[in-house]
Amino acid sequence: MSETKIMLGNEAIARGAYEAGVKVSAAYPGTPSTEISENIVNYKEIYAEWSPNEKVAAEVAIGASISGVRSMVSMKHVGLNVASDPLYTASYIGAAGGLMFVVADDPGLYSSQNEQDTRAVARAAIVPVLEPSDSQEAKDFVKEAFRISEEYDTPVILRTTTRLAHSQGPVTLEDRVEPADKTYERNASKNVMMPGMAKKRHLWVEERMKRLMEDGCGFDINKVEMGDTSIGFITSGIPYQYVKEVCPNASVLKLGMVNPLPKKMIEEFASKVDKLYIFEELEPVIEEQVKSWGIECFGKDVFTRQGEYSANMLREKVLGETAETESYPDLPARPPILCPGCPHRSTFSVLNKLKIHAAGDIGCYTLGAVAPLNVIDSTICMGASISSLHGMEKAKGKEYIKNWVAVIGDSTFMHTGVNSLMNMVYNQGTGTVIIMDNSTTGMTGHQDHAATGKTLQGEEVPAISIYHLCKAIGVKNVVEVDAFDVERMEKTIKEEVAKDEVSVIIACAPCALLKGVRFPYKCEAVSDKCKKCGMCLKPGCPALTKNADGTISIDDTMCNGCGLCQQLCKFDAIRKYEA
């Protein structure tokens, strides 16, 4: 008898990979896709790794596919930008062993720097896209993706969203079916994308998509649910759930494959309903194609292009009902803040004191842009802090960046920051880079990387030394500083920003929430010595509270004992005690 379990969408995708016989999985952590690999690693039949970035991860999967086995790569939507170079060419090469890209979009910007629709990228790359609407489909569509990949000789994108990735639902488990490895055959005209070969493959790719458009009309994952024909919806993914909740009697064309679209199926469905809505999150990818075929429909003229959709939106826009929502106008705002004991807070407190601007990057330390730290002035994408600082120096000169630094985390530095630093040295830039080394990929939940000395499986491996890597690139001035040594950090920053050459400061201290990290002390306030100056409150540690009389209290359940507040107090009004 088959077993049914409640699973996250990401967990179900991992299970689908296991059941589909996947042998190789690569990824770089990025919310909301991270848990896919964290679950895949539990299936010992699959080789799984954290790669330094999404481009490398994609190339690992493509190589495995060329060798004849089923492989996959997982990332969030902005990670696909990094991996788009190999994706576009993989579309031409195709897939010997099945090849799947799992890409998690983030409507509503829960954890991202932009909203991006993967379907638009897939159309440009000429790659089919499947989109599940619940955990069961997340598992089943993985297997369908590999079927399509091998039958049509193509990489396939499985598109998910934050809501699907992190929602739970029942999933029926099945046994693993591992297809025989494809025999490798040397075929330069297919696998070597020089111009002469690529021209022919491009024609082949276009024909492949025409076949998929026609055959897709018969795919089980594209379903027509006829009901009340006065209103019809074309939808996919999580929005399908909202349609079924709000308009259970409406006619629905639920698309499991959203690129290419099954044209004849859509034309036939549209002819049977009086009023047609295209209900899709983010860009009007389906709507624009449907309208281009001369089919009258409503889409973004009714629904928004921004943010995540909801059942309430559908009620309001289609049924004209105003949903009742509770309002709490008196609640204070709760902006995101660095954790108690975070080493980034210590570094930022020094930069704030010195009134130094920081070109920022992607990670926990991006929170240095908000009050009370107010240090980060720009955040673009992974690795951009170093490159953008270099651009400022080349635009405005050395003196302009004397009160600027670039800040970047250890995982992000390994991702793409190392390339930016190479460029800085090669093109004779100046400027100070602070690598905030907290020994993990913190923002996505403590994943390892090439500089931590552990693989995804937890295997101990030689850790790349960031210090020696910077030296090898050609940086003469590389200094390692304890992130919590405020006095030395201030002295070092002053010295390095004054130099007319590239310098790197590695601010070292592990994330306070890492397993096994524990400060031996906690801090407590000595009220009778407090001068109510507020210096200890400036870094914004949530463990500290200002009392009504101006003194401070320290919550011992939140304090991690980093001692930053004690260093900032000049009146011995904060002391350490053994935890």
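**A tour of two pockets, two cores and some strands**

Start by selecting the lining of the second largest pocket: it splits into 7 nonpolar, 3 polar and 7 charged residues. (Nonpolar is Ala, Val, Leu, Ile, Met, Phe, Trp, Tyr, Cys and Pro; charged is Asp, Glu, Lys and Arg; the others, Gly among them, are polar.) A pocket here is an open set of points on a 1 Å grid over the protein atoms alone, where a 1.4 Å probe fits and protein lies on both sides within 12 Å along at least five of seven lines; lining residues have an atom within 4 Å of a point.

Before going on, note that you're looking at a predicted model, where local features need pLDDT of at least 70 and side-chain atom pairs pLDDT 80 or more, while totals for chains, interfaces and linings use all residues. Numbering runs from 1 along each chain as its sequence is written, and side-chain values use heavy atoms, without hydrogens or water.

**Still in the second largest pocket**

This pocket has a volume of about 390 Å³, counted as the space filled by probe spheres set on grid points joined across faces, edges and corners. Its lining has 17 residues, and Ser349, Lys353, Val486, Met535 and Leu568 are the closest to the centre. Now colour helices H14 (343–353), H18 (486–497) and H19 (564–568), since each gives two or more residues to this lining. (Helices are DSSP runs of H or I, at least four residues, and strands are runs of E, at least two, numbered from the N terminus.) H14 has the largest share, with 4 residues.

Stay on H18 and pick Glu496, which is found in that helix. At 3% relative accessibility, Glu496 counts as buried (under 20% relative accessible area with a 1.4 Å probe, protein chains only; exposed is over 50%, partly exposed in between). Show its contacts (heavy atoms within 4.5 Å): beyond four places in sequence, Glu496 touches Thr432, Asn477, Val479, Ser503 and Ile505.

**Over to E17**

Thr432 leads you to strand E17 (residues 431–437), where 7 of 7 residues are buried. Flip the view: one side carries Gly431, Val433, Ile435 and Asp437, the other Thr432, Ile434 and Met436, and both faces are covered. Next door, strand E16 (residues 404–409) runs parallel to E17 and is joined to it by 4 bridges (strands pair if DSSP finds at least two). Select Ile408 and you'll find Ile435 as its bridge partner in E17.

**The cores**

Now try Val407. Outside its sequence neighbours up to four places away, Val407 touches residues including Phe348, Ala358, Tyr365, Ile376, Ile434 and Met436. Val407 is also one of the best-connected members of the largest nonpolar core: of its 54 residues, Val407, Phe348, Phe413 and Leu421 touch the most other members. (Such a core is a set of buried Ala, Val, Leu, Ile, Met, Phe, Trp, Tyr and Cys residues joined through side-chain atoms within 4.5 Å.) Apart from that one lies another core, of 41 residues, with Ala12, Ala145, Phe146 and Val171 among them.

**The largest pocket**

Next, show the largest pocket, about 790 Å³ of space. Of its 43 lining residues, zoom to Ser111, Gln113, Ile362, Gly363 and Met443, the closest to the centre. Helices H4 (77–93) and H16 (410–426) each supply at least two lining residues, and H16 gives the most, with 5. This lining divides into 17 nonpolar, 22 polar and 4 charged residues.

**Last stop: an open sheet**

Display the 7 strands ordered E3-E2-E4-E5-E7-E6-E12, an open sheet with mixed pairing. E3 (47–50) and E12 (257–259) stand at the edges with a single partner strand each, so one side of each has no neighbour in the sheet. At the E12 end, E6 (residues 129–130) pairs antiparallel with E12 over 2 bridges, and Val129 stands opposite Asn259.
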